[in-house]
Amino acid sequence: MEVSTEGGRVLAGTMDISRFIERLKLEPDYRGQIVHIEDIPPETARYGELMSPLHPRVQEVLGKTGIERFYTHQVQAIDAIRSGQDVAIVTSTASGKTLCYNVPVLERLVTNPAAKGLYVFPTKALAQDQLRGLVRYMELDPLLPITPGTYDGDTPPNARRKLRDEGNIILTNPDMLHQGILPRHPSWGRFFANLAYVVIDEMHAYRGVFGSNVACVIRRLNRICEHYGGRPQFVCCSATIANPKELAEKLIDRPVTLVDDDGAPRGPKKFMFWNPPFIDATRTERRGSSFEAEQLLTKLIQDRVQTITFVRARVVAELIYRFTQERLQKISPSLANAIKPYRGGYLPEERRDIEKRLFSGELLGVTSTNALELGIDIGSLDAAILTGYPGSVASTWQQAGRAGRGQDEALVILVGQSTPIDQYLMNHPEYFFERTTESAVIDPHNPYVLARHLRCAAFELPITANDLARFGDYMPAILEIFEERREVARRGNKWFWTSSGYPSVDVKLRSMSDNTYTIVDTTTSVARYEEAQEGSAKNRVIGTMDELSAFEQIHPEAIYLHNGETYFVSDLETDKKVAYIEKADVDYFTQSITETRVKVESEDETKKLCDANVAFGDVTVTSLVYMFKKIKFHSRDSIGFGKIDLPPQVMDTAALWLIPPLSALNLVRKWGRDPSEGLYGIGNVITEVVPLYAMCDPRDVGAVVDSLNTGSPTLFVYDRYPGGVGFAERSYRVLEDVLEACLQLVMACECEDGCPSCVGAPVPPFVQNDPDTSPKGRIPDKEAALILLHSLLNKEPYTPKPVKIPGHLQALGEGSSESRGCGTCGDGHNETCELPMKRLPESVEARIRRQLARLAKS
């Protein structure tokens, strides 16, 4: 096929999806991979009129960008913000949410240049993307009174000072707000006094422990603004989730007006489920999902269809890019140069260049991790390939939303992997299309989370009795512990920070490691040989990686893939956090093998549940990367192994553990089943049920089956957060209720052998390796789980049989009731008085004391 070009840009063609699908079915290699096609109807644009016209200057700038009228949700949001309301905006991908807050912010700055805006994004890349839009406004009107800038870890010190003193729209992330801005608020006094708007974009990203931490940061922000006489409005924007109003109100601690009347147009879309064919006579092994995605991407690019391919691991983004490029090179070099990989770990300037080329149409394809799932503006594409189920309904629709250009028809292809959850969806596509998006759960009053942020708050400003309404009923009890440790001193109704140190450094908002490794290319090419001889050739930094990923992907002798090229890792210096690599022309890549173990450190509490032994205490979760295998490109055959000598990753946390009685284990064995399989199934269900009792996200809790500590199959349920945050402890208190909910959920599921709705394996929180070369999972034994659950709950013995009860248990969590107001101290009350104190449970108090002791020691 001849490829049209214009100024070096490959021109995208018009897509006839029905014809493309028919062509796929006629391919010699087609073996019935299309298992379902869902037709999603188009939506026509609906417009509205603002209650009062735009400021002429803002209208002129928007007119130059082609915006002459607003969709219904934009009108409702702008009117609500203008009237002083706090707002939560929830509409589809690429529906113009940014305008909802940029318009009122620009209007305020035009009429009052002293006003300030703070834009908070979950990632630095998103902040940079939004900055480009604001700079565009400045280019269209150089006299527009806005001075925007990103304030994050990449901002040089001199630029930080200038931005702090002169900027009026600061774009940042929660981590920088927490560690770099709030503790230094005296330098930001004028900014906080004039802060008019706080924008929290991609709100759906703030869930679980991360969301609870961010909610505490926002409470600290509010009290600092009040200290300087300010009270900013909040504008929260989110992709579609089940509880946007509830999430926004818990995040900012205020009532919000919900805007969800999406008026943006959308063209028709075909959502295809593509299941790779079996490759053996016994029909047990399927072809790799990345191979299928690579073939589909090649065909779409060949037709000049602009496509994004989402993957769940960085190495897969590189592999699909490499193999697709090789295929396209045989067809047309210009097509081969029109695709790129995109993932975390690339340098910021490299990512921005890819985003720009994708937006302009210079690139026809990109293979990406979920780094492009969030709202970075890359324009509207024609097709999206999802290599494996992303892990949630919300993420799937978010990625699918990247496909759709105006009123043209778009194509989304979900390529199934060999995992249980993917195969269940391939066989039951209606399960996905009938599901609503998930709820986002946070608990800012969790005492473990709150204790960390109260230390930060006391450092920033004295804590007063009036803060009780903000921080909740446990505040006085936690402050009492701080007093005993001489970290704060009470004077009247105020608590002053008296300890040394910088408490915000001790608080990680995200559960992943803060340690970042630099990847250094030491290759001396022919072109640089003379420089090397003269001593002027320098090593080149080509990427970064967090510590967890570094141990698995850039260990010594690993093959690191970057832009489709292969590099050999010569050394990983863990003390300096540097990996040294050099280009190597090899025909294989590497994949690490990790072992995770749980060790009981202390048994704080024990109890009996029927005849089962249950305990709660401190555990150490150790992950050790101890081996790697070499995997041949294309064939994916294993061609060798190697040892890895790296220190283990150790996390001290809290867990409950359940040891079923021997009688229950023997009963399972009597029916010819494996008790461990039943425990695995219960563990999978528990991670979905615990959030109903512990106010957390399923990703905040881990479950492991282990026999080393007790000599018998034992189920451990632990907090995926250093030190523990109370989720396992809460589950221990109400374990009988939790197991009863597990039993009801499994019994109510109409599947015969287990599925993702009951005992099926949940999606792990981090994926580093290629799923197609990882051991194939299977859904645990549903019947064994039912036998154990009946025994643990002292019910009539269960006789294994297929269970067919219509419907699924719809488990909906109730929102927590939050106490408001002090009731003892009012404004202006200067006398010392006793605050109403809600005592911490003894075990919670003891754990908080131990955590504080660890911080002091470190």
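A salt bridge, as I will use the term today, is a side-chain nitrogen of Lys or Arg within 4 Å of a carboxyl oxygen of Asp or Glu. With that in hand, and keeping in mind that what we are looking at is a predicted model, let me start with E326 and R322, whose closest N and O atoms are 3.7 Å apart and which therefore form such a bridge under that cut-off. Both residues belong to helix 12, which covers residues 314-331, and they sit 4 residues apart, about one turn of the helix. E326 is partly exposed at 31% relative accessible area, whereas R322, at 15%, counts as buried.

The structure holds 44 salt bridges, and a second one within a helix joins E246 to K250, with 3.8 Å from N to O. These two are also 4 residues apart, this time in helix 10, residues 244-252; E246 is partly exposed at 31% relative accessibility, while K250 is buried at 8%.

Which parts of the chain does the pair of R470 and E226 tie together? Their side chains meet at 2.8 Å, N to O, and because R470 lies in helix 19 (residues 468-471) and E226 in helix 9 (residues 208-227), the pair links parts that are 244 residues apart in sequence. R470 is buried, with a relative accessible area of 11%, and E226 is partly exposed at 48%.

Turning to the sheets, there is an open one of 3 strands, in the order 19-21-20, with antiparallel pairing. Its edges are strand 19 (463-464) and strand 20 (488-491), each of which pairs on one side only. Strand 20 is joined to strand 21, residues 494-497, by 4 bridges, and R491 stands opposite K494 of strand 21. Packed on this sheet is helix 20, residues 475-484, which touches strands 19, 20 and 21 and whose direction makes about 115 degrees with that of strand 20.

Elsewhere, strand 28 (residues 612-632) and strand 29 (residues 638-643) pair in the antiparallel sense over 5 bridges, with F641 in strand 29 as the bridge partner of K629. Between these strands of the hairpin are 5 residues, and H634 takes a positive phi near 70 degrees.

Finally, the interior. The largest nonpolar core has 148 residues, and the members that touch the most others are F70, Y119, I682, I686 and L739. A second, separate core of 39 residues includes I320, L335, F589 and F633. As for cysteines, a search of the whole structure finds 0 disulfides; for C216, the nearest cysteine sulfur, that of C456, is 9.4 Å away.

Terms used. Residues numbered from 1 in each chain as written. Predicted model: local features only at pLDDT ≥ 70, side-chain atom pairs only at ≥ 80, totals over all residues. Heavy atoms only, no water. Disulfide = S-S within 2.5 Å. Core = buried A, V, L, I, M, F, W, Y, C linked by side-chain atoms within 4.5 Å. Buried < 20%, exposed > 50% of the residue type's maximum accessible area, 1.4 Å probe, protein only. Pairing = 2+ DSSP bridges. Contact = heavy atoms within 4.5 Å. Axes fitted to C-alpha atoms, helices over the stretch in contact; angles between N-to-C directions.
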